[in-house]
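I set out to record how the helices pack, how the sheet is ordered, and which local backbone features deserve an entry. The entries follow in the order in which I looked things up.

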Amino acid sequence: MNHAIRFHRTGGPEVLQWEAVEPPPPGPGEVRLRHHAVGLNFIDTYHRSGLYPLPLPSGLGMEGAGVVEAVGEGVSEVKAGDRVAYTIGPLDAYSEVRNIPARHLVVLPEDIAFEQAAAMMLQGITAHYLLHSTYPVKAGETILVHAAAGGVGSILVQWAKLLGATVIGTVGNDDKAVRAKALGCDHVIVYSREKFPERVRELTGGKGVAVVYDSVGRDTFLDSIACLQRRGTMVSYGNATGPVAPFDCALLHKAGSVYVTRPGLPDYIATREELLERAASLFEVVRSGKVKVEVMQRYALKDAAQAHRDLEARRTTGSTVLLP
């Protein structure tokens, strides 16, 4: 019998249950996928806690990698035996085996391991659209990346340096500061002891940054806006400390006619063509070694609750995978 993590009520990590499940044969357009690795992402905690409500009971997880065991009627994107990965679709990645629409799957190059794929699909494609579409970073610009040693942050830092940007990163402690510097940050701010808006103004000669990439949410939002240069862009793409509170839009004028956007992954891979294009770009920079995606923590899938505790307590660094 196969197993999966499911939850019947929202709440803390304790609501996650390891349950026996057996998916039916794949339906039209679906494949049966056996996971070899599953990605852990902060959005998983939003679904579990009820911040992003779901019909209950529910599975969990948006990202995984494995092997196609069977295909349903009409499937042309992949075939049985293919090594594949994905980063969107029905929430059921925290499972040993699942059915998933084939349109969400991307075939993996042979030199990308399952663990690396599971660690980078959501975070890497997110980094791609943030840097290339939400705010296209240009050579010579100075940018601010919050949680620079985290999953998405670590990829943003490396990729932004490839684009020729000067990168200021914020982190929560000295160990993470060392990692952020090693990833390529030109300047690192430990926000637990420094006021990052003042430090950013100092580092930019009072000008501010062209864009802030903020996955922290409530605790950093207003201070992040204070870091922007005139007509700069605030990109709020996560809520690690909770959702951003309502604010007066006049603040944007007072801050220098700045822009605020709240992007989401589904709108940037809305078509299969866009998914394949972004995945191909990600695979290219990772295979070249120019952007490194390292798995820093591994947990057994059945121990997902502990993984959530560590993630929310900021005890993890970089990417984390769950292993069936």
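**Entry 1: α1 and α9**

I began with α1 and helix α9 (residues 304-312), which pack at an angle of about 110 degrees with their axes 10 Å apart. The model is a predicted one. The angle makes α1 roughly perpendicular to α9. I noted the crossing of α1 and α9 as left-handed. On the α1 side I listed F42, D44, T45 and R48, which meet H308, L311 and E312 of α9. Sorted by class, the contact of α1 with α9 comprises two nonpolar, two polar and three charged residues.

**Entry 2: α2 and its two partners**

I then turned to helix α2 (residues 114-134) and helix α3 (residues 151-162), whose axes come within 9 Å and cross at roughly 45 degrees. The two helices, α2 and α3, are therefore oblique to each other. I recorded the crossing of α2 and α3 as right-handed. From α2, the contact draws on Q123, G124, T126, A127, H128, L130, L131 and H132, and from α3 on G151, V152, I155, L156, W159 and A160. I classed the residues in the contact of α2 with α3 as eight nonpolar and six polar, with no charged residues.

Next I examined α2 against helix α8 (residues 272-287); their axes come within 9 Å and cross at roughly 105 degrees. That crossing makes α2 roughly perpendicular to α8. Here Q116, M120, M121, G124, I125, H128, Y129 and S133 of α2 meet L275, R278, A279, S281, L282, F283 and V286 of α8. By class I entered nine nonpolar, five polar and one charged residues for the contact of α2 with α8. I marked G124 and H128 of α2, which are listed in the contact with α3 and also in the contact with α8.

**Entry 3: the open sheet**

In what order do the six strands of the open sheet run? I read the order as β10-β9-β8-β11-β12-β13, with parallel pairing. At the edges I found β10 (187-190) and β13 (259-261), each with a single partner strand, so one side of each has no neighbour in the sheet. From one strand to the next, the twist averages 15 degrees.

Within the sheet I followed one pair in detail: strand β8 (residues 142-145) and strand β11 (residues 209-214) pair in the parallel sense over three bridges. I found I143 opposite V211 of β11.

**Entry 4: salt bridges**

I noted 17 salt bridges in the structure. For one of them, I recorded the side chains of E22 and R32 meeting at 3.2 Å, N to O. This pair links distant parts of the chain, ten residues apart: E22 lies in the loop between β2 (17-21) and β3 (30-39), and R32 lies in strand β3.

**Entry 5: backbone exceptions**

I checked the backbone last. Most residues other than glycine have a negative phi, and most peptide bonds are trans. Which residues are joined by a cis peptide bond? I entered L56 and P57, with omega about 0 degrees. P57 is placed in the loop between α1 (42-49) and β4 (64-71). My final note concerns A147, which is not a glycine yet has a positive phi of about 50 degrees. I located A147 in the loop between β8 and α3.

Definitions and conventions
Residues numbered from 1 in each chain as written. Predicted model: local features only at pLDDT ≥ 70, side-chain atom pairs only at ≥ 80, totals over all residues. Heavy atoms only, no water. Axes fitted to C-alpha atoms, helices over the stretch in contact; angles between N-to-C directions. Helix = DSSP H or I, 4+ residues; strand = E, 2+ residues; numbered from the N terminus. Parallel < 35°, antiparallel > 145°, perpendicular 65-115°, else oblique. Left-handed = near helix turned anticlockwise from the far one by under 90°. Contact = heavy atoms within 4.5 Å. Nonpolar A, V, L, I, M, F, W, Y, C, P; charged D, E, K, R; others polar. Pairing = 2+ DSSP bridges. Salt bridge = Lys/Arg side-chain N within 4 Å of Asp/Glu carboxyl O.
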